[in-house]
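Q: Please give me a close look at one part of this model: the contacts between its chains. I'm new to this, and a plain, informal walk would suit me best.

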Amino acid sequence: MRSDTVLWIAQRASAAVLALCVTVHLLTIVYAVRGGLTAAEIFARTRGNAGWLAFYTVFVIAVAVHAPIGLRPVLTEWLGWRGRTREWFVAAFAVALLWMGMRAVLVVCR
Amino acid sequence: MSGTLRVSVWRGAVAGHLQSYEVPRHPSQTVLDVVTHIQRKIDPTLAYRYACRVGMCGSCAMTVNGVPRWTCRTHVDKVAAAGRLELRPLRNLPIVRDLVTDMRTFFDKWERAQGHFEGAATKTDDFARVAPDSPARQAADAGIECIGCGVCYAACDVVSWNPDYLGPAALNRAWTLVSDVRDTNSVERLRAIAGDAGCHACHTHMSCTERCPKHLSPTASIAGLKRAVAKAALQGKL
Amino acid sequence: MKHVALIHRLSGIALAVFLPVHFWALGLGLQMDAFLRWTEQPIVKFAEWGMVVLLAAHLGGGLRVLAIEFLDWHEWQKSLAAAAGAIVLAAGLAFALAL
């Protein structure tokens, strides 16, 4: 099964990337949340900042790969969903995450 | 230790019920002793399996208080809290009757995983030289003692969620062959064990490793298969 | 160990459901402040804390999987469940203290 092998490799590779992104994200959250959160405070840090733009872009792409592949076996093992329609749903979820995620990145960082 | 055990035993097949028996308790008593007492002294209609009764054959595997075990190697003192035992056949296998399961799917999956050796040498060739301390041979040796008892298969959640899943024993055997430098069937075998029904379906619950009576680790073997399949795929061999 | 794996799966599902909502909220731009005021309610704060804990749990569980699949087999790998748990506790505590 070549396709399953490719998915496995993609899942582990994106997991490694996310291990770094999530660690940074958790530290950022704990720092940012102190004293309350406002849009202005967030944007003061992120708007026009190429570093955050790059970071969150990588984060979104990794998530768009990782989350759908992760859900895939759950759909089969717990909902009995198999075959073509499952693959289409998983792909659609990936596209949706990429779209919504990049939209959010551009609003927050550009 | 004297007294009585209250033992609930599964009777029937898919449709069935738990039947209660009272069994005298003795020191150093095993669960196999208990089942044998029931069948010989109380209820001769009870069906169950055993053979060696000394922890070598794996025939006596069944579910004891929710956990798959070899009954000949399970002391009653270790599992009968408050003097109660519940005995059921192994999980994930069709029930023939009472405590006896149909192990055909278990062995069919062994074959589907290409769990047999294929060599190229003939009797006129010299012996193969395999260094016992080579990493590949150590990897094979770590899993080679499997006697096909089915405890890991019964313990595995993925087997119960996905009927196609080859399962820990078949995959463990495939790994010992993938690690065998004399075997010539590696690529076909890697193709057979990859995918949703193969090694990629293992979610490292490690119930197999926790329950294996021979202390093997199918989880480690399956991790080895995952790496081997990925490597073969990246090298364009699959 | 299977409970660690189950927490990893359940937290993954929760995160997968949460992410579209998260991306939508971030995409609100300056209108986010109205949304952020809504999040000041204690029950929402609790849910946010829950999501942080689930993210840390998923990270911890994921590191365990990567260790088992890619590192040589050692007995200490059985303690990975404990390591995963430690990460979760640390994250949950840090977030709660920061609020």
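A: Let's get one term straight before we start: helices and strands here are DSSP runs, at least four residues for a helix and at least two for a strand, numbered from the N terminus. Keep in mind too that this is a predicted model.

Now to the contact between chain A and chain C. On the chain A side, 26 residues take part, and they meet 28 residues of chain C. Which elements of chain A give two or more residues to that side? They are α1 (2-32), α3 and α4 of chain A. By class, the chain A side divides into 20 nonpolar, 3 polar and 3 charged residues.

Let's zoom in on one helix pair there. Two packed helices are described by the angle between their axes and the distance between the axes. Helix α4 (residues 84-109) of chain A packs against helix α1 (residues 2-26) of chain C at an angle of about 30 degrees, and their axes are 8 Å apart. Angles under 35 degrees count as roughly parallel, so α4(A) is roughly parallel to α1(C). The crossing of α4(A) past α1(C) is left-handed.

And who touches whom? From α4(A) come A:Ala96, A:Leu97, A:Met100, A:Gly101, A:Ala104, A:Val107 and A:Val108, while α1(C) brings C:Leu19, C:Pro20, C:Phe23, C:Trp24 and C:Leu26. Sort the residues of this helix contact by class and you get 11 nonpolar, 1 polar and no charged.

While you're looking at chain C, try C:Gly92, which sits in helix α4 (residues 80-98) of chain C. Apart from neighbours within four places in sequence, C:Gly92 is in contact with C:Trp49, C:Val52, C:Val53 and C:Ala56. Take C:Val53: C:Gly92 and C:Val53 are 39 residues apart in sequence, yet their C-alpha atoms are 5.2 Å apart in space. Is C:Gly92 buried or exposed? Neither label fits: C:Gly92 has 17 other C-beta atoms within 10 Å, and is therefore partly exposed.

Chain A also touches chain B. That contact takes 13 residues from chain B and 11 residues from chain A. On the chain B side, α6 (157-161) and α10 (218-234) are the elements that give two or more residues. Helix α10(B) gives the most, with 4 residues. The classes on the chain B side are 8 nonpolar, 3 polar and 2 charged.

From here we can step inside to the core. In soluble globular proteins, nonpolar side chains tend to be buried together. The largest nonpolar core of this model has 102 residues, and those with the most contacts inside it are B:Leu87, B:Leu171, B:Ala174, B:Ile193 and B:Leu225. Which helix gives the most to this core? Helix α3 (residues 50-79) of chain A does, with 9 residues. As for B:Ala174, if you skip residues up to four places away in sequence, B:Ala174 touches B:Ala113, B:Gln114, B:Gly115, B:Arg189, B:Ile193 and B:Leu225.

One last stop in chain B is a loop residue, B:Asn65, found between β3 and β4 (67-70). Its phi is near 50 degrees, a positive value in a residue other than glycine. B:Asn65 has 16 C-beta neighbours inside 10 Å, so B:Asn65 counts as partly exposed.

Key:
Residues are numbered from 1 along each chain as its sequence is written. Chains are lettered from A and ligands numbered from 1 in the order in which they are written. This is a predicted model: local features need pLDDT of at least 70, side-chain atom pairs count only at pLDDT 80 or more; totals for chains, interfaces and linings use all residues. A nonpolar core is a set of buried Ala, Val, Leu, Ile, Met, Phe, Trp, Tyr and Cys residues joined through C-beta atoms within 7 Å. A residue is buried if 20 or more other C-beta atoms lie within 10 Å of its own, exposed if 12 or fewer, and partly exposed in between; C-beta atoms are placed from the backbone. Two residues are in contact if their C-beta atoms, placed from the backbone, lie within 7 Å. Axes are lines fitted to C-alpha atoms, for helices over the stretch in contact, and angles run from 0 to 180 degrees between N-to-C directions. Angles under 35 degrees count as roughly parallel, over 145 as roughly antiparallel, 65 to 115 as roughly perpendicular and the rest as oblique. A crossing is left-handed if the near helix is turned anticlockwise from the far one by less than a right angle, and right-handed if clockwise. Ala, Val, Leu, Ile, Met, Phe, Trp, Tyr, Cys and Pro count as nonpolar, Asp, Glu, Lys and Arg as charged, and the others, Gly among them, as polar.
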